[in-house]
Amino acid sequence: MSDTPDSAVRTYTEQHRTAFLDDLAAWLRIPSVSAQPVHDGDVRRSAEWLSAKLGETGFPVTEIWETPGAPAVFAHWPSDDPDAPTVLVYGHHDVQPAAREDGWDTEPFEPVIRDGRMYGRGAADDKGQVFFHTLGVRAHLATTGRTAPAVNLKLLIEGEEESGSPNFRALVEERADRLAADAVIVSDTGMWDESTPTVCTGMRGLAECEIELYGPEQDIHSGSFGGAVPNPATAVARLVAALHDADGRVAIPGFYDGVAELTDTERALFAELPFDEATWLRTAKSRAASGETGYSTLERVWARPTAEVNGIGGGYQGAGSKTIIPSSALVKISFRLVAGQEPDRIQQVVRAWAEAQVPAGVGHRITFSPATRPCLTPLDHPALQAVARAMGRAFGRKILFTREGGSGPAADLQDVLGAPVLFLGISVPSDGWHAPNEKVELDLLFKGVETTAHLWGELAAALR
Ligand SMILES: [Zn+2]
């Protein structure tokens, strides 16, 4: 083997493979489910575990940061180069709920390695992708002879991402001086597929609402009263039917105001990706693609805003029949937002639209969950190019660009810290985020280690 920096990183990574995987498995055994109060203690235990592990890794500063909800972990490893730029890595240590009976082949919080993959809740989203930074920074030091990273390296690993990060923005505002950075690396996304490494340039935002409609004060007899009073379940169905037009566009007035349209360059770059709709549909576990007319599937998922019904209900849903007019009915709707859409404004137009749909004699209650803003970094930004170079050295391939259809609190970091946000992820669509049998591909996990081993030198040069 030739002794290039890249092969030295690979060798170092391979030498530490077993210990790294044992540590990751130990972390995955902590069921840090932020959405379920019964796991509050586990979320705290997860933060403490990570903080201790980052200390072992060599970070001179590791702290648990309390919030009104779940704790976050902060770590700082200053560079010994006085001119070094500062980079903040963002990730989360909480996970989605998971239970064996949801369809898992093995216990979700008993990680197992099978066929070159580690299965377990959080393996990809996001513990695996946080954890590759520990071995990555060790490989960076070991192969460059440094005693401190080439950048001032900070980590902020929050504990409420899977619950919508309700306290994250306040935490970042409160600690903005400690978090100050020249660039933010978000380590909570994925790449195109196992053989097509990509860098993500942005994420969609998210606004969520619940609309509950009220009819009679209680369920009433459909024979005695049916046909003569308004039915809230029918009203909810009409509201849902009015959500999209025949072209699959969201029919809420003002919804598309300010939307950043795709450029021809971005559309051409997306089209370079080896997209196969049949394969994609298998990952989507769906029978057909559908959506807004005039856009490809990738464009729909990455660069177009959406409205999706997440749940709908009301009235009798037990066995057999029950002849009633239900007292109430509800629908839960989520909106994915793209650059140019402000959640506050979206909530206003959704509320105005929904209220206009409610028929006379029907009461309503519309509630919004905390929203997440969209985020986008230009393709030609030097820091984005540095990420692509680091990834190219790890993978030995040309790096293409994608976006992420999901949402995260990255835009808060961008707004508060005034730093560009870059997305680095090695997860692939088949990893099963939020689904049963979540896994991470071990080969890719170690490419993540190698990428971060190269990244600090590349970013130090690009941001100087
Ligand atoms: Zn995540």
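Okay, so let's start with what counts as a donor: an N, O or S atom within 2.8 Å of the metal, and since water is not among the atoms, a site may look incomplete. With that in hand, the zinc donors here follow the spacing H-x32-D-x62-D along the chain. Keep in mind that this is a predicted model.

Which residues are those? His-92 coordinates the zinc ion through NE2, Asp-125 does so through OD, and Asp-188 is listed twice, each time through OD, with distances of 1.9 to 2.7 Å. The angles at the metal run from 51 to 153° for the four donor atoms, which makes the arrangement irregular. For a tetrahedral label, all angles would have to lie between 85 and 135 degrees.

Now, where do these residues come from? His-92 is in strand 3, residues 86-92, while Asp-125 sits in the loop between strand 5 (117-119) and helix 4 (127-144), so the pair ties together parts that are 33 residues apart in sequence. Are they buried or exposed? His-92 and Asp-125 are both buried.

On to the packing. The largest nonpolar core has 65 residues, and the members touching the most others are Phe-20, Leu-153, Ile-185, Leu-445, Trp-456 and Leu-459. Helix 14, residues 442-463, is the top contributor to this core, with 10 residues. Take Leu-459: beyond its neighbours within four places in sequence, Leu-459 contacts Pro-85, Val-87, Val-151, Ile-185, Ala-383 and Ala-386. There's also a second, separate core of 28 residues, with Val-250, Leu-337, Ala-354 and Val-362 among them.

Helix 1, residues 5-15, has Asp-6, Ser-7, Val-9, Tyr-12 and Thr-13 as its buried residues. Those buried residues pack against helix 2 (17-28), helix 4, helix 12 (382-395) and helix 14.

Last stop, the sheet. Four strands make up an open, antiparallel sheet, in the order 11-13-9-14. Strand 11 (306-314) and strand 14 (363-368) are the edges, each pairing on one side only. From one strand to the next, the twist averages 15°. In the middle of that order, strand 9 (205-214) and strand 13 (328-337) pair over 10 bridges, in the antiparallel sense. One of the bridge pairs is Tyr-214 with Ser-328 in strand 13.

And what packs on the sheet? Helix 7, residues 232-241, touches strand 9, strand 11 and strand 13, and its direction makes about 20° with that of strand 13. Then helix 11, residues 343-357, lies across strand 9, strand 13 and strand 14, running at about 165° to strand 14.

Terms used
Residues numbered from 1 in each chain as written. Predicted model: local features only at pLDDT ≥ 70, side-chain atom pairs only at ≥ 80, totals over all residues. Heavy atoms only, no water. Core = buried A, V, L, I, M, F, W, Y, C linked by side-chain atoms within 4.5 Å. Buried < 20%, exposed > 50% of the residue type's maximum accessible area, 1.4 Å probe, protein only. Helix = DSSP H or I, 4+ residues; strand = E, 2+ residues; numbered from the N terminus. Contact = heavy atoms within 4.5 Å. Donors = N, O, S within 2.8 Å, 3.2 Å for Na, K, Ca; no water. Tetrahedral: all angles 85-135°; square planar, octahedral: opposite > 155°, others 65-115°. Pairing = 2+ DSSP bridges. Axes fitted to C-alpha atoms, helices over the stretch in contact; angles between N-to-C directions.
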